[in-house]
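User: Please take me through the packing in this entry, one question at a time, and give the reasoning behind each answer.

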Amino acid sequence: MKTLMQSKDARTLHSESPGCDNTIVQSHAQARIVSNNVPFKPCTTTQTTSAMSLPPEIIPPKNLGIAHLGQEQFLYDRTTVPSPPTIHLSKDVNQLCEEWEESNLLVVNGRGIPVKYWGEFYKKGKGVKTAAWDALRVEWGNWKFIAEERHDENSKVFSYQQILNCLAEHRVSAAARDANDARTFFGGNLDHPLAHSAFRYTKSGKTYLSSKDDAVAKKWRELLTTRSDIVEQISLGHLCNSL
């Protein structure tokens with residue numbers, strides 16, 4: 001059960017559900033959620049803000065957006081979402097790791113959004129400034145890898161460039177592994193009938209067979225997500241040359 005307490009300057013909504021220790025404070029200046037899971041950081045003058053906080057019940061249904069912040073569903077007005085902050089966190093790995101978990105660089109509906117959740121507001125399918133995400137997604141992907149992989153098993157701290165180099169090496173090795181899996185499954189013949197010309201591409205009106213590991217690996221991953229018959233054969237330990 002929830003009780004609503006109103007005053008001249010603010011409205012406080014106290015949740016009385018068992019085990020819940022969240023308090024939502026909404027005012028004309030800001031809204032904040034103090035949670036066991038999502039700490040609040042006070043706003044600063046350098047933040048990208050989205051005007052004042054709006055209670056979910058007054059947001060027009062056509063503008064209502066839902067972002068998944070961990071296990072929390074955050075309701076917001078899509079028309080008030082600002083453009084992504086123009087910041088390059090590669091300059092300070094320590095700041096990147098802090099802002100990844102708790103940040104006020106981007107503020108939506110009075111709420112500071114951790115960098116790791118920015119995609120919830122900009123990725124295609126959200127309908128909010130998707131062109132901005134197209135420009136940011138590669139750099140954000142690098143931030144994600146760095147924030148999650150900064151320390152090795154011996155707790156040695158790596159620099160931004162060292163981590164990016166590791167990421168590049170990982171991608172190359174993953175492509176080589178997946179390309180080898182594809183060639184093995186099709187018995188060395190990527191033009192096998194069962195492949196349905198998946199490894200072929202057209203250039204200048206001519207058809208060619210993919211040979212580079214990254215191209216072969218990409219097509220192989222697509223097959224694994226779209227061809228249940230191939231996945232079934234792999235699960236049974238069958239190869240094309242044994243079918």
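User: Which orientation do H1 and H3 have to each other?

Analyst: This is a predicted model, in which local features need pLDDT of at least 70 and side-chain atom pairs count only at pLDDT 80 or more, while totals for chains, interfaces and linings use all residues. Residues are numbered from 1 along each chain as its sequence is written, and side-chain values use heavy atoms, with hydrogens and water left out. The helix axes, which are lines fitted to C-alpha atoms over the stretch in contact, with angles from 0 to 180 degrees between N-to-C directions, come within 10 Å and cross at roughly 95°. Angles under 35 degrees count as roughly parallel, over 145 as roughly antiparallel, 65 to 115 as roughly perpendicular and the rest as oblique, so H1 and H3 are roughly perpendicular.

User: How many charged residues does the contact of H1 with H3 have?

Analyst: With contact meaning heavy atoms within 4.5 Å, H1 contributes Val93, Leu96, Cys97 and Trp100, and H3 contributes Trp140, Trp143, Lys144, Ile146 and Ala147. Ala, Val, Leu, Ile, Met, Phe, Trp, Tyr, Cys and Pro count as nonpolar, Asp, Glu, Lys and Arg as charged, and the others, Gly among them, as polar. By these classes the contact has eight nonpolar residues, no polar ones and, as for charged residues, one.

User: Which element supplies the largest share of the largest nonpolar core?

Analyst: Such a core is a set of buried Ala, Val, Leu, Ile, Met, Phe, Trp, Tyr and Cys residues joined through side-chain atoms within 4.5 Å, where buried means under 20% relative accessible area, exposed over 50% and partly exposed in between (1.4 Å probe, protein chains only). The largest has 24 residues, and Ile113, Trp118, Phe121 and Trp143 have the most contacts inside it. At least two residues each come from strands E5 (64–69) and E6 (72–77) and from helices H1 (93–101), H2 (119–122) and H3 (130–149), these being DSSP runs (helices H or I, at least four residues; strands E, at least two) numbered from the N terminus. The largest share, five residues, comes from H3.

User: At what angle do H5 and H6 pack?

Analyst: Trp220, Leu223, Leu224 and Thr226 of H5 meet Ser228, Ile230, Val231 and Ile234 of H6, a contact of six nonpolar, two polar and no charged residues. The axes of H5 (residues 213–226) and H6 (residues 228–235) lie 6 Å apart, at an angle of about 95°.

User: Is His196 buried or exposed?

Analyst: His196 sits in the loop between helix H4 (160–185) and strand E9 (200–203), and has a positive phi of about 55° although it is not a glycine. With a relative accessible area of 56%, His196 is exposed.
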